Amino acid sequence: MSRRPGHVTTGPYAPPVPRESMTLTSADGARIHAEVHGPEDAPAVVLAHGWTCSTAFWAPVVRDLSADHKVVVYDQRGHGRSPAAVPAGHSTEALADDLVAVLEGTLAADERAVVGGHSMGGMTIMAAAGRPQLRARAAAVLLCSTGSAELPAESRVFPLRSPGGRRRAHRLLLGSRAPLGPVSPLTRSALKYATMGPGATAEQVEACARIVHACPPGVRARWGHVLSGLELTGGLGGLEMPAEVIAGTADRLTPPVHARRMASVLPDLRRLTELPGLGHMTPIEDPGAVAGRLRVLVQNHLRAAGADEEPAAAAPDIPDRAPGAGRQKKESTA
């Protein structure tokens, strides 16, 4: 019996056909599947997906951007079409190595990009903060629905009153090897509760469920153990390029407290955007909002770099929030 593909195949959440596909080699020899969409000579955007996802997760954002941007997406090791690594190959250092391999393998010698990451993809960017290759290649970064530390303690999938009980429950969730089974009404409902906002459509839930269920249980568990012990807050200070942060206010996996904490530490925060009622899967729940912030970063830090151009187009009408008293949103001045 044929196996269902790990993503939907029709509609706005189906992955578009890339202009080019390639296999890149990371520092430890791991093979990384990457795709390039859009015109070769357009401003570049590089996107890193999150835990249990794949390049297919970015499909609606790629569709939005690829008409006038070069968009690079890649499968994190063990996800999608990137083979699983040996147990020792599961670390934030490995994630940083893979991102560097993608930047070096898909961008021209003097080419820079806006680099965006969702969930574990945002953690990948934080892990690479000290890498000279990221500093040379990233004109700006977008950290989307992510966190830098204390994920089991802050998550709200299990709304237990006891902090210790909540931490233990979320560690078990992250490290579970239990097969998710086929996509069904029950598993769709569970995934929507854990990862999406109450307004997510059936089409959006189906797209996310197909992607998440395609991730092998062992890969999910190994990376879940990495996320359980995550500590990348110190690296945020090394992200000295312009940065934006996006969070959904109904995100149970990485609640907005993470976004506000990151915003308070980033050296060059340009904007913190909180999307009302959205959950963890913001690039699928509201791809226009995510693509819109990427477009603004491109306009301000790639298109306008070193040139006298018209001011950046107004951003979509997205509510934003200052990350703390005395720390107001900074407007881009590129």
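Colleague: What share of the 334 residues in the protein chain is buried?

Modeller: In this predicted model, buried residues make up 58% of the 334. The chain's secondary structure comes to 13 helices and eight strands.

Colleague: Okay, let's get specific. Why is Phe 57 called buried?

Modeller: Buried means under 20% relative accessible area. Phe 57 has 0%, so it counts as buried.

Colleague: And what makes Trp 58 buried?

Modeller: Same kind of check. Trp 58 has 1% relative accessibility, and the cut-off is under 20%, so Trp 58 is buried.

Colleague: How do you know that Phe 57 and Trp 58 form an aromatic pair?

Modeller: Ring centres have to lie within 6.5 Å. For Phe 57 and Trp 58 they are 6.1 Å apart, centre to centre, so the two rings pair. By this rule the count comes to one aromatic pair.

Colleague: Why is that pair called edge-to-face?

Modeller: Planes over 60 degrees apart count as edge-to-face. The planes of Phe 57 and Trp 58 are 75° apart, so the label fits.

Colleague: Now helix α7, residues 185-195. Which of its residues are buried?

Modeller: Thr 187, Leu 191, Ala 194 and Thr 195 are.

Colleague: What puts those four on the same side of α7?

Modeller: Thr 187, Leu 191, Ala 194 and Thr 195 cover an arc of only 75° around the axis, so they sit on the same side of α7. Pro 185 and Leu 186, on the other side, are exposed.

Colleague: What do the buried residues of α7 pack against?

Modeller: Against α8 (202-213) and α12 (282-285).

Conventions:
Residues are numbered from 1 along each chain as its sequence is written. This is a predicted model: local features need pLDDT of at least 70, side-chain atom pairs count only at pLDDT 80 or more; totals for chains, interfaces and linings use all residues. Side-chain values use heavy atoms; hydrogens and water are left out. Rings of Phe, Tyr and Trp (its six-membered ring) pair if their centres lie within 6.5 Å; planes under 30 degrees apart count as stacked, over 60 as edge-to-face and the rest as tilted. Buried means under 20% relative accessible area, exposed over 50%, partly exposed in between (1.4 Å probe, protein chains only). Helices (H or I, at least four residues) and strands (E, at least two) are DSSP runs, numbered from the N terminus. The arc is that of the directions from the helix axis to the C-beta atoms. Contact means heavy atoms within 4.5 Å.
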